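Here are my notes on the model, set out as numbered points. Please read them with the coordinates open.

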Amino acid sequence: MAGSGRLALRTLPGSGWVRGSGPAVLRRLQDSAVVQPGFLSKDEEETLSRELEPELRRRRYEYDHWDAAIHGFRETEKSRWSEASQAILQRVQSAAFDPGQTLLSRVHVLDLEPQGYIKPHVDSVKFCGATIAGLSLLSPSVMRLVHTQEPGQWLELLLEPGSLYILRGSARYDFSHEILRDEESFFGDRRIPRSRRISVICRSLPEGLGPGQPGQPPPAC
């Protein structure tokens, strides 16, 4: 399994951000579980962090999520952004989503405390469409994907601050995903120390849901 798989490290050719249980899963998910390191500049990271901090600071960290998927978190949904942040989100839309896809109008912002983590889950099709894209701020982390029917098939993504991850297709529907807690945070033999992490998550509209309909409880990611 992934946690004990450091001895059998397989990575995508030329990629230091994706590793998996073997060549087959790497080929299968090479276009559906994607990491773009350095997607944000340092200035862009700071722009987003500064805009989000006042709103997040007003909230307390929680330890029970409505779907039991997150521990040690605070979150919000945000639809109004500064011009600079809106330009960043437009870049995310262009990089991660097909031209015909409509995005949920509210962007999910998830703040994990240093000891916080996200448990394995598959986002409900009631709340999220075919594509998920997230920006990582403040701390590196490891996202693990495990096939829901064949747990021996797994993939891990190294999410450094400023990176963009994209889950679509098989990675979105056939694999659970999680953010590893600090004591489990390894990428191969490399220790990835966790501190506070903020993710800014865009999702495509669920099938059959119109863009003007009320928002739903945000899934974890």
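1. A residue is called buried when its relative accessible area is under 20%, and exposed when that value is over 50%. C202 has a relative accessible area of 5%, so it counts as buried. C128, at 1% relative accessibility, is therefore buried as well. Please keep in mind that this is a predicted model.

2. On the cysteines, there is one further count to record. A disulfide requires a pair of cysteine sulfur atoms within 2.5 Å. By this rule, the model has 0 disulfides.

3. Some overall figures follow. The protein has 221 residues, and 53% of them are buried. Its secondary structure consists of 4 helices and 13 strands. About 10300 Å² of the protein is exposed, with carbon and sulfur atoms supplying 49% of that area. Among contacts with a separation of 6 or more, 78% join residues 24 or more positions apart.

4. L180 deserves a paragraph of its own. This residue is in the loop between β10 (175–179) and β11 (186–187). Is L180 buried or exposed? Its relative accessible area is 0%, so L180 is buried. Leaving aside residues up to four places away in sequence, L180 touches Y117, V142, R144, S185, F186 and R194. L180 and Q115 are 65 residues apart in sequence, while their C-alpha atoms are 9.8 Å apart in space.

5. Y117, one of the residues touched by L180, also takes part in a charge-over-ring arrangement. The charged end of R181 sits over the ring of Y117, at 3.8 Å from the ring centre. A second arrangement of this kind involves K78, which lies over the face of W81 at 5.1 Å from the ring centre. As for rings paired with rings, the structure holds 0 aromatic pairs.

6. The last point concerns E53. Where is E53 placed? It belongs to helix α2, which covers residues 42–57. With residues up to four places away in sequence not counted, E53 touches R74 and R196. For R196 there is also a polar contact, made between its side chain and the side chain of E53 at 3.1 Å.

Terms used. Residues are numbered from 1 along each chain as its sequence is written. This is a predicted model: local features need pLDDT of at least 70, side-chain atom pairs count only at pLDDT 80 or more; totals for chains, interfaces and linings use all residues. Side-chain values use heavy atoms; hydrogens and water are left out. Buried means under 20% relative accessible area, exposed over 50%, partly exposed in between (1.4 Å probe, protein chains only). Rings of Phe, Tyr and Trp (its six-membered ring) pair if their centres lie within 6.5 Å; planes under 30 degrees apart count as stacked, over 60 as edge-to-face and the rest as tilted. A charge sits over a ring if NZ of Lys or CZ of Arg is within 6 Å of the ring centre and within 35 degrees of the ring normal. Helices (H or I, at least four residues) and strands (E, at least two) are DSSP runs, numbered from the N terminus. A polar contact is a pair of N or O atoms within 3.5 Å; within protein, one must be able to donate a hydrogen and the other to accept it, and residues adjacent in sequence count only if both atoms are side-chain atoms. Contact means heavy atoms within 4.5 Å. Accessible areas come from the Shrake-Rupley method with a 1.4 Å probe; for residues, only the protein chains shown count as cover.
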